[in-house]
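This briefing sets out the fold, the strand pairing and selected side-chain contacts of one chain. The points are grouped by topic.

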Amino acid sequence: MNMIKVLLACALAAIASPSWAASKLYNAEAAVIIKNGSPCFYIPYEISNNPAVYSDGKGLQLSLFNSSQTNPGYVWKTWFKQRPAKLPNTPASCIPYGTMSKDWKGIQPKALAIANSYQLEIGGELGTYGVFFCIQKGKDGASYIVKSDHKGICSTELLTNPTH
């Protein structure tokens with residue numbers, strides 16, 4: 001009888017494990033900064049120049065989703081067949097919002113709103129990275145980035161980007 005319980009527990013664990021792994025949003029956090037007045041995105045980790053065999057040829061995709069509760073939907077989406085020669089893993093090599101690929105029509109960039117929650121995803125050969133954020137304006141008129149949650153609520157806390 002105990003052996004049946006053990007086998008049943010193992011079977012349930014095996015069934016539950018893939019669904020848990022699939023619910024993970026990202027491999028790691030992406031980073032966002034303001035550069036030339038607009039968001040600019042990068043992966044704040046060392047990236048191998050040789051992608052894993054299973055991801056080779058997937059290129060690089062960036063998508064930005066308006067995660068506000070009032071007007072959700074994609075505001076920009078692009079896919080590059082070839083990943084950039086200079087990998088986007090530093091603020092200097094970040095990919096500016098609205099950059100469009102010649103490889104795929106995607107979703108043309110829409111105007112971004114202040115105090116609106118956005119969800120970024122970077123995926124493809126480099127893995128899957130993401131971040132929730134909002135753009136705010138300071139008293140001096142300069143834009144800055146604050147944290148947002150997955151429910152579309154902006155905080156007042158500045159977004160600090162992970163570092164390698």
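**Overall picture**

Of the 164 residues in the chain, 36% are buried. The model is a predicted one. The chain contains 1 helix and 10 strands, in the sequence pattern α-β-β-β-β-β-β-β-β-β-β.

- The chain exposes about 10000 Å², of which carbon and sulfur atoms supply 58%.
- When contacts between residues at least 6 apart in sequence are taken, 55% of them join residues at least 24 apart.

**The open sheet E2-E3-E6**

- An open sheet is formed by 3 strands in the order E2-E3-E6, with antiparallel pairing.
- Strand E2 (31–35) and strand E6 (95–96) each have a single partner strand and stand at the edges, so one side of each has no neighbour in the sheet.
- Between E2 and strand E3 (residues 38–42) there are 5 bridges, and the two strands pair in the antiparallel sense.
- Within this pairing, Lys35 stands opposite Ser38 in E3.

**The hairpins of E8, E9 and E10**

- Strand E8 (residues 129–137) runs antiparallel to strand E9 (residues 143–148), and 5 bridges join them.
- The two strands E8 and E9 form a hairpin with 5 residues between them, and Gly141 in its turn has a positive phi of about 90°.
- Strand E9 also pairs with strand E10 (residues 154–158), in the antiparallel sense and over 2 bridges.
- E9 and E10 likewise form a hairpin with 5 residues between them; here the turn holds Gly152, with a positive phi of about 90°.
- Ser148 has Cys154 in E10 as its bridge partner.

**Gln136 in its surroundings**

- Gln136 is found in strand E8, and its bridge partner in E9 is Tyr144.
- The relative accessibility of Gln136 is 17%, so this residue counts as buried, the cut-off being under 20%.
- Leaving out residues up to four places away in sequence, Gln136 touches Ile114, Ala115, Ala142, Ser143, Tyr144, Val146, Cys154 and Ser155.
- The bridge partner Tyr144 is thus also named among the contacts of Gln136.

**Aromatic pairs**

- The structure holds 6 aromatic pairs.
- One of them is the tilted pair of Phe41 and Phe133, with 6.0 Å centre to centre and 50° between the planes.
- Phe41 belongs to strand E3 and Phe133 to strand E8, so this pair ties together parts that are 92 residues apart in sequence.
- Phe41 and Phe133 are both buried.
- Trp76 and Tyr97 form an edge-to-face pair, at 5.2 Å centre to centre and with 70° between the planes.
- This second pair links distant parts of the chain, 21 residues apart: Trp76 lies in strand E5 (residues 73–80), and Tyr97 lies in the loop between E6 and strand E7 (117–124).
- Trp76 has 0% relative accessibility and so counts as buried.
- Tyr97, at 15% relative accessibility, also counts as buried.
- Phe41, Trp76, Tyr97, Tyr118 and Phe133 are linked into a cluster by ring pairs.

**Charged side chains**

- Lys77 lies over the face of Tyr74, at 4.4 Å from the ring centre.
- The count of salt bridges comes to 1.
- This salt bridge is formed by the side chains of Lys147 and Glu157, with an N to O distance of 3.0 Å.
- The salt bridge links distant parts of the chain, since Lys147 is in strand E9 and Glu157 in strand E10, 10 residues apart.
- Lys147 has 30% relative accessibility and therefore counts as partly exposed.
- Glu157 has a relative accessible area of 45%, so this residue is partly exposed too.
- The strands that carry the salt bridge, E9 and E10, are those paired over 2 bridges in the antiparallel sense.

Terms used: Residues are numbered from 1 along each chain as its sequence is written. This is a predicted model: local features need pLDDT of at least 70, side-chain atom pairs count only at pLDDT 80 or more; totals for chains, interfaces and linings use all residues. Side-chain values use heavy atoms; hydrogens and water are left out. Two strands pair if DSSP finds at least two bridges between them. Helices (H or I, at least four residues) and strands (E, at least two) are DSSP runs, numbered from the N terminus. Buried means under 20% relative accessible area, exposed over 50%, partly exposed in between (1.4 Å probe, protein chains only). Contact means heavy atoms within 4.5 Å. Rings of Phe, Tyr and Trp (its six-membered ring) pair if their centres lie within 6.5 Å; planes under 30 degrees apart count as stacked, over 60 as edge-to-face and the rest as tilted. A charge sits over a ring if NZ of Lys or CZ of Arg is within 6 Å of the ring centre and within 35 degrees of the ring normal. A salt bridge is a side-chain nitrogen of Lys or Arg within 4 Å of a carboxyl oxygen of Asp or Glu. Accessible areas come from the Shrake-Rupley method with a 1.4 Å probe; for residues, only the protein chains shown count as cover.
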